[in-house]
Amino acid sequence: MIGVCSCGSPLLARYELDEVRAGLSKGEVAGRAPDLWRYHELLPVRDVANVVSLGEGMTPLVGLPRYGRELGVDRLLMKDEGLIPTGTFKARGAAVGVSRAREVGVQKIAMPTNGNAGSAWATYAARAGMEALIAMPIAAPEICRREVSVVGAELHLIDGLIGDAGAFVREQLATRGGYQDVSTLKEPYRIEGKKTMGLEIAEQLGWKLPDVILYPTGGGVGIIGIWKALNELAELVWVDGPLPRLVAVQSTGCAPIVKAWEKGAPESEPWPDAQTVAFGITVPKALGDFLVLQAIAETGGCAVAVDDADILAAQRRCAELEGAFICPEGAANFAAIAQLREFGWIKQSDQVVALNTGTGLKYPETVPL
Ligand SMILES: *Cc1c(COP(=O)(O)O)cnc(C)c1O
């Protein structure tokens, strides 16, 4: 099990893509079970016996014609990660990360989390028969605490933000042996799981890429993963043409990557007093910020910040117009689309995919009665 590079930077898995190209066809993938393991040649788990699965992946890519009309986007689609075990896309990273950890003999994992990653990793650790130590801010959604608790993981509530939870985990690991640190980008396999969102979008669109993909960005693993997936597909020559313009969406209450993007800086600075209703994207300083900035620069994308009030209004509008109760992080994308339409950065004729990263059912308190 390798964590980070000796220089401290994140590691990315690389594949023998020539071999994959020679041995695998799109048609063969099409006939496989509808979960993320259908792309196993592009995933790090070598022996299927090590796969820890709850059926994750192949979430619906649904059209949003009524909301699209209101926003002035003719072809608006939502990839709905609300329909996945534990209710957020974090299950993808956890499924692949825990599977690979099992393959290399890990028995105990530890991580800081804003909530959803902790729920997912604790759940998949239980499925694998592994122990899990989870540290989360005391302000994290209560449901995430209960999810960690019900599967019997060790839960620590931290009076602070995710960075403080990270410091706590490091302290614990310094004195307790046998744990693998699976913090965001402190191991290379979580991103491989998240990458499957990009593979699925391409496959679900008949291996034709959309014009724009929006992603609510916290630690950045999701957007980096999608970028990595699209590059691998281009190298396999399974897709062609320009890659979609990737948009990193943040809240004005915590927008370090947007600020760095606007300044043209190669990495972000820690955001003071970070706070937003979109709890999953409250990450004041992401380890992979430079990769997010590179992903949006190389695809001709951008970074946008939206207000909490606009996020909550978008959450309601999506539910009213499309019958979809999405999480506030996912709703942030639609507030961003409204802004980008106003500037003309998104055109009416663009095909736009917004990632709804989780179900609104995990955030009942965001809806007033
Ligand atoms: C973690 C999370 C995000 C942010 O994902 P990153 O990959 O860390 O950028 C977005 N939405 C939800 C619901 C999350 O739980």
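# Notebook: sheet, helices, pockets

I started at one pair of residues: I109 stands opposite A132 in β4. Note to self: this is a predicted model.

**The sheet around that pair.** I looked up what links the two strands here. Strand β3, residues 108-112, and strand β4, residues 131-137, run parallel and are joined by five bridges. I then went outward to the whole sheet. Four strands make it up, in the order β5-β4-β3-β6, and the sheet is open with parallel pairing. At its edges I found β5 (154-158) and β6 (179-181), each of which pairs on one side only. I also checked the twist: neighbouring strands are turned by 20° against each other on average, ignoring direction.

**Helices across the sheet.** Which strands does α5 lie across? I found it across β3 and β4, and α5 runs at about 175° to β3. Next I looked up helix α6, residues 142-150. Helix α6 lies across β4 and β5, at about 165° to β4.

**Largest pocket.** I wrote down a volume of about 780 Å³ for the largest pocket. Its lining counts 41 residues, and the closest to the pocket centre are I162, T184, G219, V283 and K285. Which helix gives the most to this lining? It is α7, with four residues. I listed the elements that each supply at least two lining residues: α5 (116-128), α7 (162-175), α8 (190-204), β7 (212-216) and α9 (221-235). So α5 came up twice in my notes, across β3 and β4 and again in this lining. By class I got 16 nonpolar, 17 polar and eight charged residues for the lining.

**Second largest pocket.** Here I noted about 260 Å³ of space. Of its 17 lining residues, Y15, L43, P44, V45 and R46 are the closest to the centre. The class split of this lining is twelve nonpolar, one polar and four charged.

**K195.** I picked a lysine in helix α8. Is K195 buried or exposed? K195 has a relative accessible area of 0%, so I put it down as buried. Leaving out residues up to four places away in sequence, K195 touches Y15, L42, G225, I226, K228, A229 and E232. Y15 was already on my page, as one of the residues closest to the centre of the second largest pocket.

**L209.** I moved along to the loop between α8 and β7, where L209 is found. Why do I call L209 buried? Its relative accessible area is 16%, and the cut-off for buried is under 20%, so L209 makes it. Its contacts, apart from neighbours within four places in sequence, are A202, L230, V239, P242, L243, P244 and Q351. I also looked up a distance: L209 and D240 lie 31 residues apart in sequence but 8.0 Å apart in space, C-alpha to C-alpha.

**Helix α10.** Last stop. Which residues of α10 (256-263) are buried? I found P256, I257, V258 and A260. I remembered that an α-helix has 3.6 residues a turn, so residues three or four places apart point the same way. What do the buried residues of α10 pack against? They pack against β8 (245-251), α11 (289-298) and β9 (302-306). Just past the end of α10 I marked G264, which takes a positive phi of about 75°.

Methods:
Residues numbered from 1 in each chain as written. Predicted model: local features only at pLDDT ≥ 70, side-chain atom pairs only at ≥ 80, totals over all residues. Heavy atoms only, no water. Buried < 20%, exposed > 50% of the residue type's maximum accessible area, 1.4 Å probe, protein only. Contact = heavy atoms within 4.5 Å. 1 Å grid on protein atoms, 1.4 Å probe; cavity = no way out; pocket = protein on both sides within 12 Å on 5 of 7 lines; lining within 4 Å. Points joined across faces, edges and corners; volume = space filled by probe spheres on them. Nonpolar A, V, L, I, M, F, W, Y, C, P; charged D, E, K, R; others polar. Pairing = 2+ DSSP bridges. Axes fitted to C-alpha atoms, helices over the stretch in contact; angles between N-to-C directions.
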